[in-house]
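Hello,

Here is the structure I promised to pass on to you. Please have a look at it first, and then read on for what turned up in it.

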Amino acid sequence: MALTGRTGLLAALAAIVVLLAPAPGLVVLAAALVLAVLVTADLLLAGAVRGLRFRRDGERRMRLGQSATIGLVVDNPGGRRVRGVLRDAWQPSAGAAPRRVTLDVPARERRRLVTTLTPTRRGDREAVAVTVRSVGPLGLAARQRTFHVPWTVRVLPPFLSRRHLPARLARLRELDGRHPALVRGQGTEFDSLREYVVGDDVRSIDWRASARRSDVVVRTWRPERDRRVLIVLDTGRTSAGRVGEAPLPGSGRSGWPRLDWSMDAALLLAALAARAGDRVDFLAYDRAVRAQVSGASRTELLSSLVDAMAPIEAELVEADAAGMVAAVLSRARRRCLVVLLTDLNATAMEEGLLPVLPSLSSRHMVVVASVADPRVAGMAAGRGTAEAVYDAAAAERLRGERRGITAVLRRHGVEVVDALPEDVAPALADAYLALKAAGRL
Amino acid sequence: MTAGVAGTARTPGRVRQAAWVASVVLLVLVTAVLPLLLSEGQSGGRTLDPADTSLDGSAALARLLQAHGVEVVRVETPGAAVAAAGPQTLLLVTEASFLNRDAAHRIAEAPGDRLMAGAVPHLDVLAPGVRREGPVRARSRAPECTLPEAVRAGDAYTGGMSFTGPRGSTGCYPAGDGRSLVRYTADGHTVTVLGDASFMTNLRLAEDGNAALALNLAGARPKLVWLAGPDDFDEAGGPGDETGEEAGGEARSLGDLIPGGVKWAVLQLIVAVALTALWRGRRLGPVVAERLPVVVRAAETVEGRGRLYRSRRARDRAALALRAAAADRLAPRLGLPRTATPEEVAVAAAARTGRDPEPVLTLLCGPPPGDDTALVTLAAHLDSLERQVRDS
């Protein structure tokens with residue numbers, strides 16, 4: 001049960017009567033009795049909440065930054081009208097609104113209420129409880145009960161970098177030779193022979209075929225297809241650090257974790273590679289496999305990727321590089337492009353990845369993509385006061401370490417993409433296109 | 001309050017803000033002025049106090065009496081009044097509402113004459129034999145008696161209460177069934193009772209024969225003991241009194257003065273507060289907990305290292321980091337491999353910019369700076385060297 005403000009107000013009004021009455025003690029007693037009787041009567045007359053039935057409907061999936069509506073149908077099988085308030089409680093980061101709604105369900109009828117979710121972060125957001133407070137006809141007391149009406153909405157990564165996709169697809173078509181511009185396809189895989197037309201590169205004339213026919217014949221090329229791309233996401237402690245500015249309002253006070261920027265880059269790369277005809281697999285790893293997608297068809301790739309990524313959070317453990325390499329090797333038997341999204345942290349790399357890197361880079365093409373911190377760049381430019389210069393020295397030291405580890409990785413034949421948060425997705429896509437153009441996949 | 005937002009929303013925001021400020025100022029002014037306006041009619045003066053110059057006070061009469069050679073002694077407690085009284089004094093009681101019966105008895109036994117004006121309690125003690133007939137309106141009245149003081153004064157502003165005196169008494173200013181001034185003599189004291197004392201106030205003193213009547217009555221003896229109301233009634237009646245004798249059985253505590261219903265009303269209010277607390281305390285459903293990801297800025301380690309450099313004054317390490325970074329950036333611009341030593345970079349940079357190689361060498365691989373100023377200068381010089389190489 002619960003009381004309402006009217007009970008307190010009535011008691012306060014009774015105090016005035018007590019003040020004026022000739023026998024105040026009796027009035028106090030009488031007021032208490034009357035209030036008790038009224039509250040009891042109200043409780044008895046309030047609509048029953050015990051028998052209420054609930055059903056939810058609405059969306060199961062949504063992108064971060066958008067809003068979704070979840071319906072809640074309240075069915076009142078009892079004989080009395082249920083009038084009062086209802087609170088549909090979700091986890092705080094689900095951004096559920098309104099927090100409480102007025103409820104009025106006549107006897108043996110049902111009503112549909114709508115809750116709008118505007119989540120502030122990725123992951124599975126759950127409905128925790130539905131609480132109904134049914135107020136009696138006098139408005140003095142209410143029956144209250146909490147129900148568990150489960151529902152989960154998976155908040156997917158927003159894939160903000162998809163705005164870079166059209167430009168990269170245009171570059172891909174250029175490589176393919178299908179671009180409207182008169183550029184020869186730069187692919188390395190032999191496609192077919194066709195008749196020479198003015199404007200073709202004379203270097204591509206196939207003299208042997210031309211000799212067999214009475215016409216000049218050129219070879220056409222196309223980029224390699226059906227290569228394998230394995231995107232590996234490091235979910236260890238270095239991915240938890242927040243960098244840059246959160247691109248969506250309300251989705252982070254001090255920037256986004258490296259993990260989210262990396263996911264954005266991975267999604268752009270996956271979308272691009274799928275269009276380019278490559279097969280994309282995905283693996284999230286810190287000390288164990290957190291999520292994986294393999295063998296997804298091209299049409300389903302992106303949806304299964306965001307679905308796998310959504311619940312991943314950075315674990316505060318040191319990533320196990322040897323285990324990660326073993327997991328990659330067990331999944332990628334043929335040569336493939338391994339894209340490792342991690343942080344270029346010198347100590348972590350030297351102790352973790354570098355010792356086991358040769359076994360990976362000898363069999364696969366490896367790209368390491370890392371999100372640089374714009375704050376460090378800002379600190380490195382600090383001048384004027386001693387404090388700023390000390391900070392600049394610390395920042396320069398970190399950047400020097402990153403340059404050193406980059407050089408070591410490049411010596412192992414590893415491509416390194418080290419870019420600011422907003423630039424890492426297009427930079428990784430460009431690196432992929434460059435590799436594809438060079439036929440290094 | 002809303003802060004001014006850019007663009008078109010600015011003007012309404014300002015207007016609203018100004019309206020807020022204006023309403024707050026208005027509220028403050030109203031609350032400050034209203035009590036003053038309300039209390040103006042009964043200005044804060046102390047009624048019939050010889051030291052009070054407001055309209056209700058009687059400073060004018062006291063000054064007149066002193067000008068006529070009467071010594072005016074202002075007292076605030078009955079004890080002081082009795083102590084000051086003598087055979088040749090007149091005790092004027094204008095504010096007697098704080099007197100208890102015991103004090104009234106002692107005043108009645110004090111030597112000298114007595115003049116009671118206004119609503120005086122314990123009249124049976126202070127003026128035995130004088131009976132109240134009933135309240136009458138105070139206005140200008142004619143004396144219609146033989147009392148020389150009244151006859152000489154003529155019309156005066158009297159009334160308030162009418163009395164009938166004991167046998168042998170003189171009554172003046174008839175009002176209602178009795179007279180509003182009664183004088184009689186008993187045990188050698190001359191006792192005068194007046195139904196209303198407002199003719200002695202600064203406001204009324206100049207009207208009719210008020211001043212004359214007041215001077216005649218109050219200036220009858222060379223010394224006038226004027227018992228005015230005390231500042232603090234509790235102190236005068238309670239044990240805190242200077243003589244300590246006034247603490248009579250009738251002194252009442254604050255609790256006695258509160259009506260009985262208030263206690264019960266407070267009890268009822270406690271019940272109301274408890275019910276309100278129950279209403280507010282009942283939560284609509286459970287508190288929802290959520291496991292949140294850790295929030296740690298990636299740059300924190302760098303900032304920590306910077307603060308560490310600063311606190312240890314690690315100029316050598318800071319200079320090393322800055323020089324190495326500059327050399328790393330210069331090497332590719334000068335066409336040198338990444339593995340080039342700082343000395344090679346310095347020589348190549350000096351050659352490119354046409355500067356003397358010695359200072360450039362000192363800049364890139366010299367000794368660590370001696371103080372913070374030198375470190376700041378070093379950073380600036382490295383920047384300018386990079387700029388020169390870039391622009392050359």
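**Helix H2 of chain B**

Let me begin with one short helix: the buried residues of H2(B) are B:Leu61, B:Ala62 and B:Leu65. They lie on the same side of H2(B), because the arc they cover around the axis is only 100°. If you want to see what covers these buried residues, the cover includes strand E1 (71–75), helix H7 (210–218) and strand E9 (223–227) of chain B. After H2(B) comes B:Gly69, which has a positive phi, near 85°.

On the other side of this helix in sequence, you will find B:Ser54 in the loop between helix H1 (10–39) and helix H2 (59–67) of chain B. Is B:Ser54 buried or partly exposed? B:Ser54 is partly exposed, because it has 16 other C-beta atoms within 10 Å, and a buried residue would need 20 or more. The C-alpha atom of B:Ser54 is separated by 8.8 Å from that of B:Thr201, although the two residues are 147 residues apart along the chain.

**The two chains and how far to trust them**

Please keep in mind that this is a predicted model. Its scores are ipTM 0.77 and pTM 0.67.

Chain A holds 12 helices and 21 strands, and 42% of its 441 residues are buried. Among the contacts in chain A with a separation of 6 or more, 72% come from residues 24 or more positions apart.

Chain B has 15 helices and 10 strands, with 34% of its 392 residues buried. Here, residues 24 or more positions apart account for 58% of the contacts with a separation of 6 or more.

The average pLDDT of chain B is 81, and 88% of the residues score at least 70. Among the elements of chain B, H11(B) has the highest mean pLDDT (93), while helix H8 (residues 233–237) has the lowest (43). Two stretches of chain B call for caution. Over residues 1–9 of chain B, pLDDT stays under 50, and the model has 10 contacts beyond four places in sequence for them. Over residues 233–250 of chain B, pLDDT also stays under 50, with 34 contacts beyond four places in sequence.

**Where the chains meet**

How many residues of chain B are in contact with chain A? There are 46 of them, and they touch 64 residues of chain A. The elements that give two or more residues to this side of chain B are helix H10 (260–281), strand E10 (296–297), helix H11 (300–312), helix H12 (315–333) and helix H15 (372–391). H10(B) gives the most, with 14 residues. By type, the residues on this side of chain B divide into 30 nonpolar, 6 polar and 10 charged.

The chains also share a sheet. This open sheet has 3 strands in the order E16(A)-E15(A)-E10(B), and its pairing is mixed. Its edge strands are strand E16 (256–257) of chain A and E10 of chain B, each of which pairs on one side only. Strand E15 (residues 241–243) of chain A pairs with E10(B) in the parallel sense, over 2 bridges. If you zoom in on that pairing, A:Gly241 has B:Val296 as its bridge partner in E10(B), and A:Arg242 stands opposite B:Arg297. As background, strands of a sheet pair through backbone hydrogen bonds, either parallel or antiparallel.

**The nonpolar cores**

Which residues of the largest nonpolar core touch the most other members? Of its 133 residues, they are A:Ile231, A:Val232, A:Leu269, A:Ala270, A:Val338, A:Val339 and B:Leu322. Helix H5 (residues 258–275) of chain A gives the most to this core, with 13 residues. To look at one member, leave out residues up to four places away in sequence: A:Val339 then touches A:Val229, A:Ile231, A:Val232, A:Leu269, A:Val367 and A:Ala369.

Apart from this core lies another one, of 55 residues. Among its residues are B:Ala62, B:Val93, B:Leu126 and B:Cys172, which brings us back to the helix at the start of this email, since B:Ala62 is one of the buried residues of H2(B).

Enjoy exploring the structure, and best wishes.

Definitions and conventions. Residues are numbered from 1 along each chain as its sequence is written. Chains are lettered from A and ligands numbered from 1 in the order in which they are written. This is a predicted model: local features need pLDDT of at least 70, side-chain atom pairs count only at pLDDT 80 or more; totals for chains, interfaces and linings use all residues. Two residues are in contact if their C-beta atoms, placed from the backbone, lie within 7 Å. Helices (H or I, at least four residues) and strands (E, at least two) are DSSP runs, numbered from the N terminus. Ala, Val, Leu, Ile, Met, Phe, Trp, Tyr, Cys and Pro count as nonpolar, Asp, Glu, Lys and Arg as charged, and the others, Gly among them, as polar. Two strands pair if DSSP finds at least two bridges between them. A residue is buried if 20 or more other C-beta atoms lie within 10 Å of its own, exposed if 12 or fewer, and partly exposed in between; C-beta atoms are placed from the backbone. The arc is that of the directions from the helix axis to the C-beta atoms. A nonpolar core is a set of buried Ala, Val, Leu, Ile, Met, Phe, Trp, Tyr and Cys residues joined through C-beta atoms within 7 Å. pLDDT is the predictor's confidence in each residue, from 0 to 100.
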